[in-house]
Amino acid sequence: MSLFGQSVTSVSGVVLDQSNLQPIPFVNVYFSNSSEGTTTDNDGRFTLMATFPYDSLVVSFVGFHKKILAIAVGQSQNLTIMLHPETINLDEVTIMSGENPAWEIIRKVVNNKSLHDKRSLAAVSYTHLRAHETEADLV
């Protein structure tokens, strides 16, 4: 295919989960070493075109192994791409029961309330700003 004398590479297709053959929506599909790309729709389908002679396609999605595919430059291609699920083992996490740390802070506030009671101060001064005012407006 050509567009104004330039060769156009057109790649379309569907991305499926290899384990259950279900389409995968929102998969990243882009030409290798470029910013030209797209994502699959709800049915795992995509279409991508370029006039630059890209020769490979990258297909990636969280939870699946990334796939890099060779493509034919200057031709229209329809692909069925199978992504293999990726298993990630995480280190063990230990959750310990105990008191919420916020309770200790609240107890300290309550215990020190009398130290900060404005009624025990000789004088109090404050500036009240309306929602549409700033301190610069008061100068």
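User: How much area does the chain expose, and what share of it do carbon and sulfur atoms supply?
Analyst: The values here come from a predicted model. In that model the chain exposes about 10900 Å². The share supplied by carbon and sulfur atoms is 54%.

User: What share of the 139 residues in the chain is buried?
Analyst: A residue is buried when its relative accessible area is under 20%. Among the 139 residues of the chain, the buried share is 22%.

User: What is the radius of gyration of the chain, set against that of a compact globule of 139 residues?
Analyst: The C-alpha trace spans about 85 × 50 × 25 Å along its principal axes. For a compact globule of 139 residues, a radius of gyration near 14 Å would be expected. The chain has 30 Å.

User: In what order do the helices and strands follow each other from the N terminus?
Analyst: The chain holds 2 helices and 9 strands. Read from the N terminus on, the order of the elements is β-β-β-β-β-β-β-β-β-α-α.

User: Which strand gives the largest share of the largest nonpolar core?
Analyst: This core has 16 residues, and V15, F31, L57, V59 and L83 have the most contacts inside it. At least two residues each come from β3 (9-17), β4 (28-31), β6 (45-50), β7 (56-60) and β9 (76-83). The largest share, 3 residues, is that of β6.

User: Which residues does L57 touch, leaving out those up to four places away in sequence?
Analyst: L57 is one of the residues with the most contacts inside the largest nonpolar core. With residues up to four places away in sequence not counted, L57 touches V11, V29, Y30, F31, F46, L48, K67, I68, L69, I71, L79 and I81.

User: Does S32 count as buried or exposed?
Analyst: S32 sits in the loop between β4 and β5 (37-39). Beyond four places in sequence, S32 touches Y54, S56 and V58. Its relative accessibility is 17%, so S32 counts as buried.

User: How does M82 count at 27% relative accessibility?
Analyst: M82 belongs to strand β9. Leaving aside neighbours within four places in sequence, M82 is in contact with L16, Q18, L21 and K67. Because its relative accessibility is 27%, M82 counts as partly exposed.

User: How far apart in space are M82 and F64, C-alpha to C-alpha?
Analyst: In sequence, M82 and F64 are 18 residues apart. In space, their C-alpha to C-alpha distance is 9.9 Å.

Note on methods: Residues are numbered from 1 along each chain as its sequence is written. This is a predicted model: local features need pLDDT of at least 70, side-chain atom pairs count only at pLDDT 80 or more; totals for chains, interfaces and linings use all residues. Side-chain values use heavy atoms; hydrogens and water are left out. Helices (H or I, at least four residues) and strands (E, at least two) are DSSP runs, numbered from the N terminus. The radius of gyration is taken over C-alpha atoms; the globule rule is 2.2 Å times the number of residues to the power 0.38. Buried means under 20% relative accessible area, exposed over 50%, partly exposed in between (1.4 Å probe, protein chains only). Accessible areas come from the Shrake-Rupley method with a 1.4 Å probe; for residues, only the protein chains shown count as cover. A nonpolar core is a set of buried Ala, Val, Leu, Ile, Met, Phe, Trp, Tyr and Cys residues joined through side-chain atoms within 4.5 Å. Contact means heavy atoms within 4.5 Å.
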